[in-house]
Amino acid sequence: MAKKNAKNSKNSSASIARNKRATFDYKFEEKMEAGLSLMGWEVKSIRMGKVNLSESYVFMRDGEAFLFGCTIAPLNTASTHVVCDPMRSRKLLLKRKELDKLQGLVDRKGYSIVPISMYWQKGAWVKIEIGLGKGKKEHDKRDDTKDREWQIEKARTMKKAVRGE
């Protein structure tokens, strides 16, 4: 019984950070997983939860993808001998085929590449989920808000109907 509970808590703690604003501002056509090239002090800071994905984006340069705007705050104890730049651009680790596909869609069709979430994979590797999509218009955002509120209201009425109130 203890092992089962420990396993569930391990899966729930795999998430490091989420970019909640991304799903509100963009409609994603495709999502993919990418590795992240990090320094030692960054990994220690990530383990302590000092990550902010909001206002970050992915850009393509020289056939490679980079994450820009992701803030990883340095720890005082972990970065005494290294000059830390919390806003540095970090290289995304993708296969050549994936990079070419992203480059083509960004150049030709005007898609944006936005980080959605950062998480641990197999306990040691930091992975980032990126979404390929287009920005939503204001009316699309209102429609999404209406749909979300309707789902909440529908769940409330069904709950009351089951209780018999």
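1. Let's start with Phe 28, which is buried in this predicted model, with a relative accessible area of 17%. The cut-off for buried is under 20%. Its ring partner Tyr 26 is partly exposed, at 26%. The two ring centres are 6.2 Å apart and the planes meet at 25°, so this pair counts as stacked. Searching the whole structure turns up five aromatic pairs.

2. Next, have a look at Phe 59 and Phe 68. Their ring centres are 6.2 Å apart, with 70° between the planes, and that makes an edge-to-face pair. Phe 59 has a relative accessibility of 22% and is partly exposed; Phe 68 is partly exposed too, at 33%. Both rings belong to one aromatic cluster, along with Tyr 57 and Phe 66.

3. Two rings have a charged side chain over them. Arg 47 lies over the face of Trp 120, at 4.4 Å from the ring centre. For Tyr 111, the visitor is Lys 134, whose charged end sits over the ring at 5.2 Å from its centre.

4. Now the salt bridges: the whole structure has seven of them. One is a local affair within helix α2 (residues 20-25), where Arg 21 and Asp 25 are four residues apart, about one turn of the helix. Their closest N and O atoms are 3.2 Å apart.

5. What does the bridge between Glu 30 and Lys 101 tie together? Glu 30 is in strand β2 (residues 26-36) and Lys 101 is in helix α4 (residues 96-109), so the bridge joins parts 71 residues apart in sequence. The N to O distance is 2.8 Å. Glu 30 is partly exposed at 26% relative accessibility, and Lys 101 is partly exposed at 38%.

6. Is Glu 42 buried or exposed? Glu 42 is buried, with a relative accessible area of 0%. Its side chain meets that of Arg 88 in a salt bridge of 2.8 Å, N to O. Arg 88 comes from the loop between β6 (71-72) and β7 (90-93), while Glu 42 is in helix α3 (residues 40-47), so this contact ties together parts 46 residues apart in sequence. On the arginine side, Arg 88 is partly exposed, at 22% relative accessibility.

7. One more thing about that last pair: Arg 90 comes into the picture as well. Glu 42, Arg 88 and Arg 90 are linked in a network of salt bridges, and the glutamate in that network is the buried Glu 42 from the previous point.

Methods: Residues numbered from 1 in each chain as written. Predicted model: local features only at pLDDT ≥ 70, side-chain atom pairs only at ≥ 80, totals over all residues. Heavy atoms only, no water. Phe/Tyr/Trp six-rings, centres within 6.5 Å; stacked < 30°, edge-to-face > 60°. Buried < 20%, exposed > 50% of the residue type's maximum accessible area, 1.4 Å probe, protein only. Lys NZ or Arg CZ within 6 Å of the ring centre and 35° of its normal. Salt bridge = Lys/Arg side-chain N within 4 Å of Asp/Glu carboxyl O. Helix = DSSP H or I, 4+ residues; strand = E, 2+ residues; numbered from the N terminus.
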